[in-house]
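Thanks for coming, everyone. I'll keep this short. Please have a look at the model on the screen.

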Amino acid sequence: MQFNWVVGKAYTGCEWVMKLAYLNILWVLFSLGGLILLGISPASVALFTILRKWLMNETDVPIFPTFLNTYKKEFVKSNQLGWIMALIGMFLYFDFKYLITVGGTIQYVLSIPLVIVTILFFITMLYLFPVYVHYELRLIQYIKNSFYIGIINMHITILMIAVTILIGILYRSIPGIVPFFSISLFSLMVMTGAKQSFNRIEAKQKRLSVQN
């Protein structure tokens with residue numbers, strides 16, 4: 001009985017590894033298919049859509065048809081959102097470049113709020129695609145909700161950041177796995193953490209509705 005349990009767990013683990021590798025390859029191919037600039041956002045949405053289904057126990061979802069259909073369906077909308085965030089990121093990057101050239105007390109004073117804004121930006125980015133595939137919202141609401149969810153679930157957000165750092169260390173230690181798991185493993189971690197945040201919010205909403 002114990003042996004069968006171990007074999008079953010090992011099989012499930014191997015199946016997850018193969019699925020994540022396949023999903024990572026699809027993400028790379030579809031990102032390239034959109035010439036990278038137009039492919040990353042819809043490919044990421046497609047990837048997170050499948051990961052969300054897996055985490056909701058829809059493990060038999062057909063991977064390629066689901067990925068392809070989501071990619072095509074969300075191509076325009078996801079790119080609009082992606083370019084908004086890219087422009088914000090570029091703005092922050094050039095602000096840092098400018099501060100480096102200024103120097104002195106002004107650099108110190110202005111760098112503090114800029115660092116805070118940048119941290120909040122990265123927290124928003126961490127939740128952006130999970131929120132996109134979990135909720136049906138307008139473009140700006142995706143950004144606002146990603147920010148709010150990341151802030152009010154800060155303990156989960158910090159844990160997600162810590163795991164991200166550990167995954168980065170893993171990739172650096174074993175670079176051979178990067179082509180197969182660079183995006184999918186990181187995204188699985190992000191979607192898992194985000195789903196816990198969604199569950200907490202939805203449970204709180206249910207309690208409030210019962211009280212009212």
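**Helix against helix**

Let's start in the middle of things. On the α2 side, S41, S44, V45, F48, T49 and R52 make a contact with α5, where the partners are F129, P130, Y132, V133 and H134. Sorted by class, the residues of this contact are 6 nonpolar, 4 polar and 1 charged.

How do the two helices lie? The axes of α2 and α5 are 9 Å apart, and the packing angle is about 65°. That makes α2 roughly perpendicular to α5, because the range for that label runs from 65 to 115 degrees. The crossing of α2 past α5 is right-handed.

One caution before I go on. This is a predicted model. Please keep that in mind for everything I say.

Now the whole protein. How many helices and how many strands are there? The protein has 9 helices and 0 strands. Read from the N terminus, every element in the run is an α. The C-alpha trace spans about 70 × 55 × 35 Å along its principal axes. The protein has 212 residues, and 36% of them are buried.

What about contacts along the chain? Take the contacts with a separation of 6 or more. Residues 24 or more positions apart account for 72% of those.

Two pairs give a feel for distance. N57 and I112 are 55 residues apart along the chain, and their C-alpha atoms are separated by 43 Å. Then take V115 and F96. Those two are 19 residues apart in sequence, with 8.9 Å from C-alpha to C-alpha. V115 sits in helix α5, residues 104–134. Its relative accessible area is 38%, so V115 is partly exposed.

Back to α2, which has another partner. Helix α2 covers residues 40–55, and helix α3 covers residues 63–73. Their axes are 8 Å apart, at an angle of about 135°. Is that parallel or oblique? The two are oblique to each other, because 135° is not over 145, the cut-off for roughly antiparallel, and lies outside the other named ranges. Here too, α2 makes a right-handed crossing, this time past α3.

Which residues do the work of touching? From α2 come P42, A43, V45, A46, L47, T49, I50, K53 and W54. From α3 come I63, T66, F67, T70 and Y71. The class count for this contact is 10 nonpolar, 3 polar and 1 charged. Note V45 and T49. Both appear in the contact with α3, and both appear in the contact with α5.

A general reminder helps with lists like these. An α-helix has 3.6 residues a turn, so residues three or four places apart point the same way.

Now the loops on either side of α2. I36 lies in the loop between α1 and α2. I36 has a positive phi of about 65°, and I36 is not a glycine. Its relative accessibility is 42%, so I36 counts as partly exposed. On to N57, in the loop between α2 and α3. N57 also is not a glycine, and its phi is positive, near 70°. Is N57 buried or exposed? N57 is exposed, because its relative accessible area of 69% is over the 50% cut-off.

Last stop, the C-terminal helix in our numbering, α9. Helix α9 runs over residues 184–211, which is 28 residues. What span should we expect? At 1.5 Å a residue, the expected span is 40 Å, and the end C-alpha atoms are 40 Å apart, so the two agree. The buried residues of α9 are S184, S187, L188, M189, V190, M191, G193, A194, K195, S197, F198 and I201.

Helix α9 packs with α7, residues 154–173. Their axes come within 10 Å and cross at roughly 170°. That makes α7 roughly antiparallel to α9, because the angle is over 145 degrees. In α7, the contact uses H155, I156, M160, V163, T164, I167, L170 and Y171. In α9, it uses L185, F186, M189, V190, G193, A194, Q196, S197 and R200. By class, that gives 11 nonpolar, 5 polar and 1 charged. Several of those α9 residues are also on the buried list, including M189, V190, G193, A194 and S197.

That's my tour. Over to you.

Definitions and conventions
Residues are numbered from 1 along each chain as its sequence is written. This is a predicted model: local features need pLDDT of at least 70, side-chain atom pairs count only at pLDDT 80 or more; totals for chains, interfaces and linings use all residues. Side-chain values use heavy atoms; hydrogens and water are left out. Axes are lines fitted to C-alpha atoms, for helices over the stretch in contact, and angles run from 0 to 180 degrees between N-to-C directions. Helices (H or I, at least four residues) and strands (E, at least two) are DSSP runs, numbered from the N terminus. Angles under 35 degrees count as roughly parallel, over 145 as roughly antiparallel, 65 to 115 as roughly perpendicular and the rest as oblique. A crossing is left-handed if the near helix is turned anticlockwise from the far one by less than a right angle, and right-handed if clockwise. Contact means heavy atoms within 4.5 Å. Ala, Val, Leu, Ile, Met, Phe, Trp, Tyr, Cys and Pro count as nonpolar, Asp, Glu, Lys and Arg as charged, and the others, Gly among them, as polar. Buried means under 20% relative accessible area, exposed over 50%, partly exposed in between (1.4 Å probe, protein chains only). The expected span of a helix is 1.5 Å times one less than its number of residues.
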